[in-house]
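Visitor: Could you take me through one part of this protein slowly, namely its cysteines and the nonpolar interior, as I am still learning how to read a model?

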Amino acid sequence: MTTIEGNLQQVHERLARACKAADRDVSEVALLAVSKTFDADAVCLALAAGQHAFGENYVQEGTEKIEALRRLRPVAALQWHCIGPLQSNKTRPVAEHFDWVQSVDRLKIAQRLSEQRPAQLPPLQVCLQVNVDGGANKSGVAPEALAELALAVARLPRLRLRGLMCIPEPAPDFETQRDLFLRAKRLFDQLNAQGLALDTLSMGMSDDLEAAVAAGSTMVRVGRAVFGSRPAKVTSVV
């Protein structure tokens with residue numbers, strides 16, 4: 001068993017325990033393996049261990065990895081998520097290469113992704129990043145502006161609005177973590193009550209996935225607990 005395979009097994013066991021504690025079925029929570037700063041070989045090891053969905057923060061690094069593993073996509077059902085802050089000059093490679101974008105927080109970004117998504121590809125799956133705790137240096141749409149943005153994005157062609165993503169500031173205990181995630185869950189429920197039919201609530205990482213599951217997460221984004229400590233930071237800028 002490789003280290004990555006063993007790590008994946010441990011993460012799935014954590015998810016199973018978290019779901020049991022929250023009285024949820026483990027099938028309700030997907031695992032996104034965050035492979036930023038790890039090479040294509042590490043992704044291949046995770047793929048061999050049964051992991052098929054991967055998250056990338058840096059556009060250039062991610063597109064290079066996608067191209068390197070393109071030959072595996074028809075047989076492995078690889079799925080690539082862009083989860084880093086996205087600048088308008090980087091939307092084209094994301095629209096052309098990725099399957100999901102979880103970090104849309106402005107209508108301009110969504111419009112560019114819609115315009116640049118190739119017609120021969122399926123619609124780009126989109127989550128809106130919401131700044132649930134008001135961090136001044138955090139990406140994400142403010143909660144009070146979320147509904148207007150969601151309704152506008154839902155109308156764009158070549159995109160499919162799937163849900164919300166959040167990255168709250170680290171919290172010291174389970175209860176505080178859960179309360180922050182519950183803010184996103186309430187916003188998610190409000191949008192569904194308006195008829196948007198969202199199905200994805202992406203929240204929770206290596207240190208707080210249990211609290212995220214308790215709050216209703218349907219997708220956790222786990223990097224370090226899957227791949228180990230990260231190599232030296234890359235210089236690519238999203």
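Guide: A residue is called buried when its relative accessible area is under 20%, and with that cut-off in hand we can turn to this structure, which is a predicted model. C127 has a relative accessibility of 0%, so C127 counts as buried, and C166, with a relative accessible area of 1%, is buried as well. A disulfide is a covalent bond between the sulfur atoms of two cysteines, yet a search of the whole structure finds zero disulfides. C127 takes part in none, since the nearest cysteine sulfur, which belongs to C166, is 11 Å away. For C166, too, the closest cysteine sulfur is the one in C127, and because those 11 Å are too far for a bond, the sulfur of C166 stays unpaired in this sense.

In soluble globular proteins, nonpolar side chains tend to be buried together. Here the largest nonpolar core has 65 residues, of which L113, L128 and F227 touch the most other members. Helix α1, which covers residues 3–21, supplies the largest share of this core, with six residues. Apart from this core lies another, of eight residues, and C127 is among them, as are L32, I83 and M165.

F227 deserves a second look: if we leave aside its neighbours within four places in sequence, F227 is in contact with residues including I4 and N7, and also with A33, V34, F38 and F54.

Terms used: Residues numbered from 1 in each chain as written. Predicted model: local features only at pLDDT ≥ 70, side-chain atom pairs only at ≥ 80, totals over all residues. Heavy atoms only, no water. Disulfide = S-S within 2.5 Å. Buried < 20%, exposed > 50% of the residue type's maximum accessible area, 1.4 Å probe, protein only. Core = buried A, V, L, I, M, F, W, Y, C linked by side-chain atoms within 4.5 Å. Helix = DSSP H or I, 4+ residues; strand = E, 2+ residues; numbered from the N terminus. Contact = heavy atoms within 4.5 Å.
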